[in-house]
Every structure is written in structure tokens, then in C-alpha cells.
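Reader: I have a protein model open at the bench and would like to talk through its cysteines. Could you take me through them?

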Amino acid sequence: MKSAITLFLLGMSITSFATHAKEAVLAGGCFWCMESDFEKLEGVTDVVSGFTGGKVRNPTYNGNHKGHYEAVKITYDESKLSYQDILDHYWVSIDPFDAQGQFCDKGSSYLSAIFVANDEERQLAMASKAAVEAQFPDQTVVTPILDASRFYPIKGNEIGHQDFYKKSPVRYKLYRWNCGRDQRLEQIWGDQASH
């Protein structure tokens, strides 16, 4: 009887989480950094590094990922965190004015973008972008809002990119410092900067 009750309660908690689990797909340059920044956010349950936005099937980091953005798929508990919270954290984690990439990483795969799955997300994303534009009237916010497309998680022999900041913390910190990510975020966002 005890095990039946435990299974029932476990099933309820899994069902409850599934009801509140939402996803967001965002590109902000290096997916190692985006993963690190979002996994620290309370209410985020998973962050997966990968590619999206392009037409090439099964893109890889060392192979063909032409047209794709390095991106992260963020799973979060909607009872603890809203899509608006995700967007607020996103903006202070990127340089929205860089049309060449993000920080030291340049090229189309390192551009920032918000991928929206429905009209509600689009409206919230557009409003959040308008707020950033109002905060910086003398600069051009180049981060686009795009329709969500298939997300390809990092896999196979490239799985080392997933959780890189945990697996190789010294290399990750050196990369992040040398790339100037945190310095630039503080320059733009001051105390709001995510890092």
C-alpha cells in the first residue's frame, strides 16, 4: 500500500511539473555562456545547447551549421518563472547592439535572436525589445524576433559542449574572461548584468 501511495504521489508531482513546464529558445552567442547564465536562474529546470534557425539538417559544431544560430533550449517551471522573466534575464545576458556576433565571437552563428513559438511569446518579446530600445534611444537594437524552428541539440561526439562550464570550469572561465563577455555586459547593463 505504501509503495502504491508513493507511486501515486510521484505520478502527481511529475504530472504537475509537466503541466507547468515551458520552453524558450534563445540565441546569445556562445551557447556555453548562455547555458551557464540560465542554469543559475531559479525555476529553470534544464538548458540544452544546440542549433536552430537554419535549413541544414542535423547541424554540427565542427561540421556544417550554415544558417543556424548557436542557441539554447530552456525548460522552466511556469509556476516559478514566467516567459517575461526569461526575456528579462535574456536581455541582460547579451549585447543587443552587436550586428556581427556576440563579444569576441563573430559570425552569423553567434548572432543574438529570440525564437518565438506562438503569438503570446511574440507579443511579449516585441514589448521587451521595445523596452530595451526605449532604454537606449541612441543605439540600434539588432536582436531579431524570429519564428521558432526545429532545434537540434548538440549530440554525438560533440556532446562535450553540453555543460561545458561544469565539465571544464577553468577553461570556461578563461574563455569567458578573454572574450570580454562580462566586461561588456557590465558596460551596457551595469548592476543588472547577468553573470
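Reader: Is Cys104 buried, partly exposed or exposed?
Author: This is a predicted model, where local features need pLDDT of at least 70, side-chain atom pairs count only at pLDDT 80 or more, and totals for chains, interfaces and linings use all residues. Residues are numbered from 1 along each chain as its sequence is written, and side-chain values use heavy atoms, with hydrogens and water left out. Buried means under 20% relative accessible area, exposed over 50% and partly exposed in between, using a 1.4 Å probe and protein chains only. Cys104 has 42% relative accessibility, so this residue counts as partly exposed.

Reader: Which cysteine forms a disulfide with Cys104?
Author: A disulfide is a pair of cysteine sulfur atoms within 2.5 Å. The sulfur of Cys104 lies 2.0 Å from that of its partner, Cys179. The link has -105 degrees about the S-S bond and is left-handed.

Reader: Happy to see that pair! And is Cys179 buried or exposed?
Author: Its relative accessible area is 9%. With buried set at under 20%, Cys179 therefore counts as buried.

Reader: Why is Cys33 without a bond to Cys30?
Author: Good one to check! Cys33 is buried, at 1% relative accessibility, and Cys30 is buried too, with a relative accessible area of 4%. A disulfide needs sulfur atoms within 2.5 Å. The sulfur of Cys30 is the closest cysteine sulfur to that of Cys33, but it is too far for a bond because the distance is 3.9 Å.
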